[in-house]
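Dear colleague,

I am handing over the structure we spoke of, and below it I have set out what was found in it. Please read the notes with the model open beside them.

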Protein chains: 2
Amino acid sequence: MKQKQSRQPDPARRVTAQDVAKKTGVSVMTVSRAMNNRGNVDAATRKKVLDAARKLGYSPDHVARSLVLRKTHTIGVVVPEITHSFFPEAIRGIEEVTYRSGYHLILTHSAEDAKREHDALRTLESKRVDGILISTAQSVTDDSVYREAIGRGVPLVFFDRVVRGIGATCVSIDDKESARMLTNHLIGHGYRRIAHLSGPTRVSIGRARLEGFRNAMDDHQLSVPPEFVVYSGFHETGGYKAMRMLLALPPERRPRAVVAVNDPAAFGAMMAILEAGLRIPDDIAIGGFSDDIRASLMPIPLTTVCQPAYEVGNQAAQALVNIIEGNPPQRDLITLGADLVLRRSCGCQPSEGIRRG
Amino acid sequence: MKQKQSRQPDPARRVTAQDVAKKTGVSVMTVSRAMNNRGNVDAATRKKVLDAARKLGYSPDHVARSLVLRKTHTIGVVVPEITHSFFPEAIRGIEEVTYRSGYHLILTHSAEDAKREHDALRTLESKRVDGILISTAQSVTDDSVYREAIGRGVPLVFFDRVVRGIGATCVSIDDKESARMLTNHLIGHGYRRIAHLSGPTRVSIGRARLEGFRNAMDDHQLSVPPEFVVYSGFHETGGYKAMRMLLALPPERRPRAVVAVNDPAAFGAMMAILEAGLRIPDDIAIGGFSDDIRASLMPIPLTTVCQPAYEVGNQAAQALVNIIEGNPPQRDLITLGADLVLRRSCGCQPSEGIRRG
DNA sequence: TTGTACGCGTTATCAA
DNA sequence: TTGATAACGCGTACAA
């Protein structure tokens, strides 16, 4: 009773190369060749095939193709939180590269949860993505998931929140360099007495930004008295309190400019300055970090260091595609300089330009 | 010379069920059954298989599985612009549903370009996604792409920017109802003389919001004198000019409250009110639309209608998953009420609550 | 230029 | 409970 029955009356069945072949009177191979624009197909035959394909609404099955070619043209992306404003921008940067290179994106979000991230990685691997871009969840403490995936030959690139030293390429922002840039900008505009509102030094960005600030000052042989590095933490109130301490100094020993560890701290500091009856930037100039949405909306718009999210995604995707296509990058760490967004609070002429690289 | 040679020395080869089977001394079928937790496998056998699988780092090939099962557990998402703040939120809402239902997301962005959107749809179809969620690009003028996909049996759900009447489920915000809600809120707080700053009536949201405003007024038998509907367009300057016209009326004929077609128009209007030496909301109350980021940062924070992006994505994804799993929704249009975000500009007590549904 | 056989890794089906 | 076989739809390798 067993027999070939390729003509099942299944109306919901997708149209395959077989159908196009039958309709055109050629073999499936010729259909395949015509669809993929291989050279060795007679022009007339190709046209016939393509016409029939369009008429039948044939679309080549990428699943089958991926199975035989062992390549899905798909990249997995794992982000901790889609709505974090940094990540949509980064994804946009990723998308730009992958679109041009003919890859698609499977987007997963870990919701900052280590287990969910772990599951995402496993599934992406099972889906046989050609590579994975990942920004780690905060709760992750164990590298082994990444190491194992790498061990199985899955191309992996970290971006923004990276894991060094396990053989994966990392793309992130150079916080130290950014702090140095901001400080240099202030120095370049004649400020000499510059203070820093610092974050917690056990957090990497807190440390890096303080270091960058000091480096810039050292480079110009400018001294930083101990009372010019005040702990503020990452929030408004800390910035306010820290600034009050600086303002409590006798006028001639006060700073003329301030580098805040981030924008919220800067906002708090600005409030303290204005409350004290001083003007920004005339009496005290100030700069922050992160380009918080409020930065441009403040009464005195805040000069700040803007994380180049788009660029981070772009570079990470570029690196991954290169790895996939057999051109691994030289360095395993790619750091990006951030953008300095010049506004009124730093006292340079706005007409000089809105942004600088 | 042709012979079975399954033992090629290809070290880069992925480990397959075959490998696990060989190592365990069972057949691939048993491996398959054990991995998928089918009931009919001896407990000891299953354990043996699972152990071997873990040891070998075996991960089932979803590509092959998809091919035979004709199901990818993948949903395609097409958005016009990833960074538009509305969309990350919507995607987050989509992700919530798909994560729970075991689907993955292929994210594509059309960059508001009809051709790019078209390509994305074709490729998603070729990738054999189980369904597609789409918010159309602005430049799209031709429905046929969607109709054809639907004709081929691809489950399609539109969200936010929808296309009615071609047999696809649509999920969007009810602008008319939202305008009515905002107006009702003002009426409920005792305002009677309410004006509307309107958008262009050839644009659907301009029309819908005007209609909703009128409906609410009609419902309460409140008259709307012709001079109380002033064209403002969608931007600040239009709102400013429109408000100036209202303020040019003799004081007793002026409105006590204003419903603006969107937030920028409201900002312009607020500027005009303050310039005229009047207070918000004491002399004139005002409400807007869209929950622009500036709305909460204004000197007088603006009460506004907030598009529930998360909810739109959530509902659209839910509808699509239902369709995929054989439970098509009754209605082909699902409209969502927007959230009213109450702030100082409308004159109700903020202590009543920040948000209302 | 075109066609035939085979394999990609999995699951459904049926037999043992 | 387990195994052998035949798909799923395509591309590679070879033959015609």
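Helices and strands are named here from DSSP runs, a helix being a run of at least four residues and a strand a run of at least two, both numbered from the N terminus. In those terms, A:Pro281 sits in the loop of chain A that runs between helix H11 (263–275) and strand S9 (285–289). Please keep in mind throughout that this is a predicted model.

That loop is a good place to begin, since the peptide bond joining A:Ile280 and A:Pro281 is cis, with omega at about 0°. In chain B a cis peptide bond likewise joins B:Ile280 and B:Pro281, again with omega of about 0°, and B:Pro281 lies in the loop between helix H11 (263–275) and strand S9 (285–289) of that chain. As background, most peptide bonds are trans, and most residues other than glycine have a negative phi.

The backbone at A:Gln221 also deserves a look, for A:Gln221 has a positive phi of about 50° although it is not a glycine. This residue belongs to the loop between helix H9 (204–219) and strand S7 (229–231) of chain A, and it is exposed because 6 other C-beta atoms lie within 10 Å, where 12 or fewer is the cut-off for that class. Phi of B:Gln221 is near 50°, also positive, and B:Gln221 is found in the loop between helix H9 (204–219) and strand S7 (229–231) of chain B; with 6 C-beta neighbours inside 10 Å, it too counts as exposed.

How are the two protein chains related? A rotation of 180°, with 0.1 Å of shift along its axis, superposes chain B on chain A with an RMSD of 0.2 Å, which means that the relation is that of a two-fold axis. Among the residues of chain B, B:Ile106 comes closest to the rotation axis, its C-alpha being at 2.1 Å. The copies meet through the same surface, because 100% of the interface residues of chain B are also interface residues in chain A.

One residue with contacts across to the other chain is B:Thr83, placed in the loop between strand S1 (74–79) and helix H5 (86–101) of chain B. Leaving aside its neighbours within four places in sequence, B:Thr83 is in contact with A:Pro88, A:Glu89 and A:Arg92. It counts as partly exposed because it has 16 C-beta neighbours inside 10 Å.

Turning to the DNA, 26 residues surround strand C, and the closest are A:Ser27, A:Asn40, B:Ala17, B:Ser32 and B:Asp61. The largest share of the surface near DNA strand C comes from H4(B), with five residues, and by class that surface has 13 nonpolar, eight polar and five charged residues.

Around DNA strand D there are 24 residues, of which A:Ala17, A:Ser32, B:Asn40, B:Asp42 and B:Val68 come nearest. Helix H1 (17–24), helix H2 (28–35) and helix H4 (62–69) of chain A, together with helix H2 (28–35) and helix H4 (62–69) of chain B, each supply at least two residues of the surface near this strand. Here H4(A) gives the most, with five residues, and the residues of the surface near DNA strand D divide into twelve nonpolar, eight polar and four charged.

With best regards

Definitions and conventions: Residues numbered from 1 in each chain as written. Chains lettered and ligands numbered in written order. Predicted model: local features only at pLDDT ≥ 70, side-chain atom pairs only at ≥ 80, totals over all residues. Near = placed C-beta within 6 Å. Nonpolar A, V, L, I, M, F, W, Y, C, P; charged D, E, K, R; others polar. Buried ≥ 20, exposed ≤ 12 C-beta atoms within 10 Å, placed from the backbone. Contact = placed C-beta atoms within 7 Å. Least-squares fit on C-alpha atoms with pLDDT ≥ 70 in both.
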